[in-house]
Amino acid sequence: MMNWVYFNKLYRTKFQAGCLAKRLEQDGWIYGFDRMNEIEIFRSRRGKYGVRFIP
């Protein structure tokens with residue numbers, strides 16, 4: 001069973017979260033992840049956006 005890993009910051013706009021998601025796809029090794037199976041942008045209950053992924 002794989003669990004989601006949530007990136008540590010929430011953003012006000014979906015665009016900002018999308019930029020981070022794209023960067024994780026390209027340069028995830030900078031953050032210590034060699035390969036990510038799935039990256040997703042989610043919306044919190046308070047209306048902010050975040051990025052989660054399955055390593």
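Where do E25 and K22 lie, and how many residues apart are they? In this predicted model, both residues belong to helix α1, in which they are separated by 3 residues, or about one turn of the helix. E25 forms a salt bridge with K22, and the closest N and O atoms of the pair are 3.4 Å apart. The two partners can be described further by their accessibility: E25 counts as partly exposed, at 48% relative accessibility, while K22 is exposed. In general terms, side chains of opposite charge can pair when their charged atoms come close.

The helix that carries this pair comprises the 14 residues from 14 to 27, and its length can be checked against expectation: at 1.5 Å a residue it should span 20 Å, and its end C-alpha atoms are indeed 20 Å apart, so the two values agree. Within α1, the residues A17, L20, A21 and L24 are buried. These four cover an arc of only 100° around the axis, which means that they are placed on the same side of α1. The other side of the helix presents F15, K22 and Q26, which are exposed. As for what lies over the buried residues of α1, the cover includes strand β2 (38–43) and strand β3 (49–54).

Another residue of helix α1 is Q16, which is partly exposed, with a relative accessible area of 34%. Although Q16 and Y49 are 33 residues apart in sequence, their C-alpha atoms are 8.3 Å apart in space. A separation of another kind is found between Q16 and G28, which are 12 residues apart in sequence and 17 Å apart in space, again from C-alpha to C-alpha.

G28 itself is located in the loop between α1 and β2, where it is buried, with a relative accessible area of 5%. When residues up to four places away in sequence are left out of account, G28 touches R23, F33 and M36. The loop between α1 and β2 also holds Y31, a residue that is partly exposed, its relative accessible area being 33%. Together with W29 and I30, Y31 forms a nonpolar patch on the surface, and the accessible area of these three residues together is about 340 Å².

The structure holds 2 salt bridges, and beside the pair in the helix there is one that R52 forms with E40, in which the closest N and O atoms are 2.3 Å apart. R52 lies in strand β3 and E40 in strand β2, so that this pair ties together parts that are 12 residues apart in sequence. Of the two partners, R52 is buried, with a relative accessible area of 18%, whereas E40 is partly exposed, with a relative accessible area of 24%.

Both R52 and E40 are also in contact with W4, which, not counting residues up to four places away in sequence, touches E38, E40, R52, F53 and I54. W4 is placed in the segment before β1 (5–6) and counts as partly exposed, at 29% relative accessibility. With I54, one of the residues it touches, W4 shows a C-alpha to C-alpha distance of 5.0 Å, although the two are 50 residues apart in sequence.

Contacts across the sequence are also found for P55, which lies in the segment after β3. P55 is partly exposed, with a relative accessible area of 37%. With residues up to four places away in sequence set aside, P55 touches M2, N3, V5, F33, R35, M36 and N37. For R35, one of these residues, the C-alpha atom is separated from that of P55 by 6.2 Å, while the two residues are 20 residues apart along the chain. F33 and M36, which are among the residues touched by P55, are likewise among those touched by G28.

Definitions and conventions
Residues are numbered from 1 along each chain as its sequence is written. This is a predicted model: local features need pLDDT of at least 70, side-chain atom pairs count only at pLDDT 80 or more; totals for chains, interfaces and linings use all residues. Side-chain values use heavy atoms; hydrogens and water are left out. Helices (H or I, at least four residues) and strands (E, at least two) are DSSP runs, numbered from the N terminus. The expected span of a helix is 1.5 Å times one less than its number of residues. Buried means under 20% relative accessible area, exposed over 50%, partly exposed in between (1.4 Å probe, protein chains only). The arc is that of the directions from the helix axis to the C-beta atoms. Contact means heavy atoms within 4.5 Å. Patches are made of residues with over 30% relative accessible area and no salt bridge: like charges are joined within 9 Å, nonpolar side chains (Val, Leu, Ile, Met, Phe, Trp, Tyr) within 5 Å. Accessible areas come from the Shrake-Rupley method with a 1.4 Å probe; for residues, only the protein chains shown count as cover. A salt bridge is a side-chain nitrogen of Lys or Arg within 4 Å of a carboxyl oxygen of Asp or Glu.
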